[in-house]
Amino acid sequence: MTVSNVYEELFSLSGKTALVTGGAKGIGAMISRMLLRAGCKVFVTGRSRSAAEQLTTELGPDAAALTFLQHDLSQPEGIDALAAELDELCPQLNILVNNAGTFNAAPLGDTDSTSWNELMGLNLRAPFLLVQALLPLLEAAGSNADPARIINLGSIGGLMPQSNGGAYAYGCSKAAVHQLTRMLASDLRSRNINVNAIAPGYFPSDMTSGFFEAVPNLRENMLAQIPAGRFGSAEDVGGMVIFLASRAGAYLTGSITALDGGLLSAP
Ligand SMILES: NC(=O)c1ccc[n+]([C@@H]2O[C@H](COP(=O)([O-])OP(=O)(O)OC[C@H]3O[C@@H](n4cnc5c(N)ncnc54)[C@H](OP(=O)(O)O)[C@@H]3O)[C@@H](O)[C@H]2O)c1
């Protein structure tokens, strides 16, 4: 056997279909790019068509296997509309990446119930409702040997005890995403669906640019605290997603992996 055969056998996603929510920006775009390179047909959702057009331009010929579906997932109607459109477009779904998310933080006492509910609606309710709505497509794709895969984006903010400047709703939403991952994994492995979560540390995106603009010296201070000495990259998160989605990850379910260069896991 040659070396290249083992990569093909364990990590190829050729012929698979994936949906990446929020897949045109930030971490989602990193994941979409890598899934395309691994051979997937990729459906990408988001509210912004211009972000999808920019990603398509950057991808060049690789974008032929990408389809953008414009939906706002903050309300249940948007999720129903996405599920209905996907149902028309593909008979089965091998990989669902629940990536779309939002962040807010405010001192204790200043968090209002509207912003709490908006954040929870997108970060926690949307992944749950999307799994519910897409179960038939996921079950159609999965087999015992090659289960369908759900990959949820949690956060180290849902693992650490600190509020990080008052990110109460965000931290709670991500801790709940981790718990949702475990519960769904427990219910769905026997239905040929694996469910795992990635809990990123710091990756460059609009979300983290916002933190760095808001807090002087945060970028430098954060870099100094990351044992790996750098922020995460497309290869880091893309490699993890390819592992979780491929033959190599077929026996892994219910895991929550901090992908943080050691920030939380090896300080
Ligand atoms: N970056 C990090 O260091 C980091 C660390 C830990 C966890 N995470 C998690 O990783 C995921 C991606 O984060 P990111 O840093 O890439 O954030 P980002 O740059 O702010 O991207 C968020 C994505 O979610 C989509 N989105 C936002 N609101 C939406 C809505 N109402 N309906 C549909 N889509 C919506 C956005 O697309 P549109 O604006 O076009 O809708 C965008 O694609 C999030 O779940 C985040 O919590 C990120």
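**The shell around the ligand**

Start with the residues of the shell around the ligand: by class they are 11 nonpolar, 12 polar and 4 charged. Keep in mind that this is a predicted model. Select the ligand and show what surrounds it, which comes to 27 residues. Label G22, G26, G46, G101 and S205, as these are the closest. Then colour by secondary structure: α2 and α7 (206-214) are the elements that give two or more residues to this shell.

**The whole chain**

Zoom out to the full chain, where there are 9 helices and 7 strands. The radius of gyration is 18 Å, close to the 18 Å from the globule rule for 267 residues, so the chain is as compact as a globular protein of that length. Along the principal axes, the C-alpha trace spans about 50 × 45 × 40 Å.

The next three stops are helix pairs. Two packed helices are described by the angle between their axes and the distance between the axes.

**α2 against α9**

Select residues 26-37, helix α2, together with residues 234-245, helix α9. Their axes lie 9 Å apart and the packing angle is about 60°. This angle makes α2 oblique to α9. The crossing of α2 past α9 is right-handed.

Which residues make the contact? On α2, show I27, M30, I31, R33, M34 and L35; on α9, show A234, V237, G238, V241 and I242. Coloured by class, the residues of this contact are 9 nonpolar, 1 polar and 1 charged.

**α4 against α5**

Move to helix α4, residues 76-89, and helix α5, residues 113-141. Here the axes are 10 Å apart, at an angle of about 25°. An angle under 35 degrees counts as roughly parallel, and α4 and α5 are therefore roughly parallel to each other. They cross in a right-handed sense.

Turn on side chains for P76, I79, D80, A83, L86 and D87 in α4. What they meet in α5 is A126, L129, L130, A133, L134 and L137. The contact of α4 with α5 consists of 10 nonpolar residues, no polar ones and 2 charged.

**α5 against α6**

Keep α5 selected and add helix α6, residues 168-188. How far apart are the axes of α5 and α6, and at what angle do the helices pack? The axes are 9 Å apart and the angle is about 15°. α5 and α6 are therefore roughly parallel to each other, and their crossing is right-handed.

On the α5 side, pick W116, L119, M120, N123, L124, P127, F128 and V131. On the α6 side, pick A169, Y170, S173, K174, A176, V177, L180 and L184. By class, the contact of α5 with α6 has 13 nonpolar, 2 polar and 1 charged residues.

**Last view**

To finish, show α2 once more with both the ligand and α9 visible. This helix gives two or more residues to the shell around the ligand, and it also packs with α9.

Conventions:
Residues numbered from 1 in each chain as written. Predicted model: local features only at pLDDT ≥ 70, side-chain atom pairs only at ≥ 80, totals over all residues. Axes fitted to C-alpha atoms, helices over the stretch in contact; angles between N-to-C directions. Helix = DSSP H or I, 4+ residues; strand = E, 2+ residues; numbered from the N terminus. Parallel < 35°, antiparallel > 145°, perpendicular 65-115°, else oblique. Left-handed = near helix turned anticlockwise from the far one by under 90°. Contact = placed C-beta atoms within 7 Å. Nonpolar A, V, L, I, M, F, W, Y, C, P; charged D, E, K, R; others polar. Near = placed C-beta within 6 Å. Rg over C-alpha atoms; globule rule 2.2 N^0.38 Å.
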